[in-house]
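What follows is a guided reading of one protein model, beginning with its sheet and moving outward to the helices and the charged pairs. Please keep the sequence and the coordinates at hand while reading.

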Amino acid sequence: MPIPKKLFPGKIAYIMSRFPKLTETFILHEILALEKNNVAVEVFPLLREHQKTSHPEALRLTQSAHFLPFISLPIFAANWFFFSRNPKAYLYVLAEIIKGTFGSVNFFVGAIGIFPKSVRFAYEMQTLGITHIHAHFCTHPAVAALIAHRLTGIPFSFTAHGSDLHVERRMLAEKVNAAAFVVTVSDFNKAVIVNECGKIVHEKVHVIHCGVDVTQLPTKSNWSLEGSLSILSVASFEEVKGHKFLVEACRILAHQGIQFRCHFVGEGPLFQAIVNQVSELGLKDMFHFHGGLARDEVIKLLADADVFVLASVPTKQGKREGIPVSLMEAMGSGVPVVASNLSGIPELVQHKVSGLLVSPQDSVSLANALENYYQSEELREEIGRSGKQQVVEQFDLEKNAIKLIELF
């Protein structure tokens, strides 16, 4: 049931790293779900994302978003406003950010770079009557929220996802302690936060899964194959997504004489390396690289897919998945999935119940899982139906948005 607007007379400010980002539709859809429940949201991105493809739903929010350069006269004026009004508070938060991020070149430079505009954010939030600030990702967006909170007193919270939590945890305790509450997408992540910050924060950290709107997804009703196995993977071409292990698994399938077509959707730094790997293995005719696609085009591919794969791996830098929304969308469509037994993924994919789990970096096991799906229509149907039920019950966008609204 929608929550009456009278319970939310104020406004929520959303801070994220980049907007509108094709691979972060979970933020876009969460904002839209809040608006559907009569919560007013203002968007404050740290950077404007320029990309060839974007989701149509993001257009309105992009037009009203508070995009700022790193420095400008209004930014200078806002910094002077807070400094002149309370120099002690201004210098305290600046010192806190310098001290807290020192030792990490990326985190330190980024934090200092966004400090002036974060102060301007604080000024605009105060002017707009923002009553709560929520940041997505516990790195620079949460730092920006902390700065605005220190200068204005507006309460804030943040959502920790995957690599933002697992790679760099500088200032995590300071941000958790200052926040009104903390959200994370998995029990696995909550345990990491509590272990880092102490048991005292256990009740402050809430697990709210990202969700999907199943009514906007295709409904699979036919699990029979049309000659070959149609494999789909939607993921940025980054090491953490494990594309090369899926390609190797496909080489094994080809060697066994199993007919398949593999569709890759996404862009990223490893795109050409994966294209080269496919070519070197002589599999070009079996792969289709779609690049970045808008959501409606991804939905068409989901409707035609026989199996969805996400071969996630932990990286040497410590990157790990949270619970990937692309897996939720596949399962919500009734498409059987194969995923890595890693971080929060088993909280979505129950092995041999709502999907098949394999060890990270294990191409042989991945190929075996795909072969099992290829050989059994009954397995594809059973897993597909169970996966959809799992998403409907625990990963529904509307239900989880209301949980977040209750915390606000």
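How many bridges join β1 to strand β3 (residues 130-136)? In this model, which is predicted, β1 is joined to β3 by five bridges, and the two strands run parallel. Two of the pairings can be followed residue by residue: Ile 12 has His 132 of β3 as its bridge partner, and Ala 13 has Ile 133 of β3. Strand β1 (residues 11-19) also pairs with strand β2 (residues 40-48), again in the parallel sense, over eight bridges. In that pairing, Tyr 14 stands opposite Val 43 of β2.

These pairings belong to an open sheet of six strands, which follow one another in the order β2-β1-β3-β4-β5-β6 with parallel pairing. The edges are taken by β2 and β6 (205-207), and because each of these has a single partner strand, one side of each is left without a neighbour in the sheet. Between neighbouring strands of the sheet the turn is 25 degrees on average, with direction ignored.

Helices lie against this sheet. Helix α1 lies across β1, β2 and β3, and its direction is at about 165 degrees to β1. Helix α6 also packs on the sheet, where it touches β1, β2, β3 and β4 (156-160), and its direction makes about 160 degrees with that of β3.

Further along the chain, helix α9 (residues 187-197) has as its buried residues Asn 189, Lys 190, Val 192, Ile 193, Val 194 and Cys 197. The cover over these buried residues includes the strands β4, β5 (181-184) and β6, together with α7 (163-166) and α8 (172-178). After α9 comes Gly 198, which has a positive phi, near 100 degrees.

Helix α1, already met on the sheet, has a helical partner as well. It packs with helix α16 (residues 397-407) at an angle of about 75 degrees, the axes being 9 Å apart, and since angles of 65 to 115 degrees count as roughly perpendicular, α1 and α16 are therefore described in that way, as roughly perpendicular to each other. On the side of α1 the contact is made by His 29, Glu 30, Ala 33, Leu 34 and Lys 36, and on the side of α16 by Leu 397, Glu 398, Ala 401, Leu 404 and Ile 405. Sorted by class, this contact of α1 with α16 has six nonpolar residues, one polar residue and three charged ones.

A second helix pair is formed by α14 (residues 363-375) and α15 (residues 377-394), which pack at an angle of about 105 degrees with their axes 5 Å apart. By the reasoning used above, α14 and α15 are therefore also roughly perpendicular to each other. Helix α14 contributes Asn 372, Tyr 373, Tyr 374 and Gln 375 to the contact, while α15 contributes Glu 377, Leu 379, Arg 380 and Ile 383. By class, the contact of α14 with α15 has four nonpolar, two polar and two charged residues.

The last theme is charge. Side chains of opposite charge can pair when their charged atoms come close. The structure holds 12 salt bridges, and one of them joins the side chains of Arg 60 and Glu 35 at 2.6 Å, N to O. Because Arg 60 lies in helix α2 (residues 58-64) and Glu 35 in helix α1 (residues 25-36), this pair ties together parts that are 25 residues apart in sequence. Arg 60 counts as partly exposed at 43% relative accessibility, and Glu 35, with a relative accessible area of 23%, is partly exposed as well.

Another salt bridge, at 2.8 Å from N to O, brings together the side chains of Arg 150 and Glu 96. This pair links distant parts of the chain, with Arg 150 in helix α6 (residues 140-152) and Glu 96 in helix α4 (residues 87-101), 54 residues apart. Arg 150 counts as partly exposed at 30% relative accessibility, whereas Glu 96 counts as buried at 12%.

A third salt bridge stays within one helix: Arg 385 and Glu 381 both lie in α15, four residues apart, which is about one turn of the helix. The closest N and O atoms of Arg 385 and Glu 381 are 3.1 Å apart, and Glu 381 counts as partly exposed at 28% relative accessibility.

Note on methods: Residues numbered from 1 in each chain as written. Predicted model: local features only at pLDDT ≥ 70, side-chain atom pairs only at ≥ 80, totals over all residues. Heavy atoms only, no water. Axes fitted to C-alpha atoms, helices over the stretch in contact; angles between N-to-C directions. Parallel < 35°, antiparallel > 145°, perpendicular 65-115°, else oblique. Contact = heavy atoms within 4.5 Å. Nonpolar A, V, L, I, M, F, W, Y, C, P; charged D, E, K, R; others polar. Salt bridge = Lys/Arg side-chain N within 4 Å of Asp/Glu carboxyl O. Buried < 20%, exposed > 50% of the residue type's maximum accessible area, 1.4 Å probe, protein only. Pairing = 2+ DSSP bridges.
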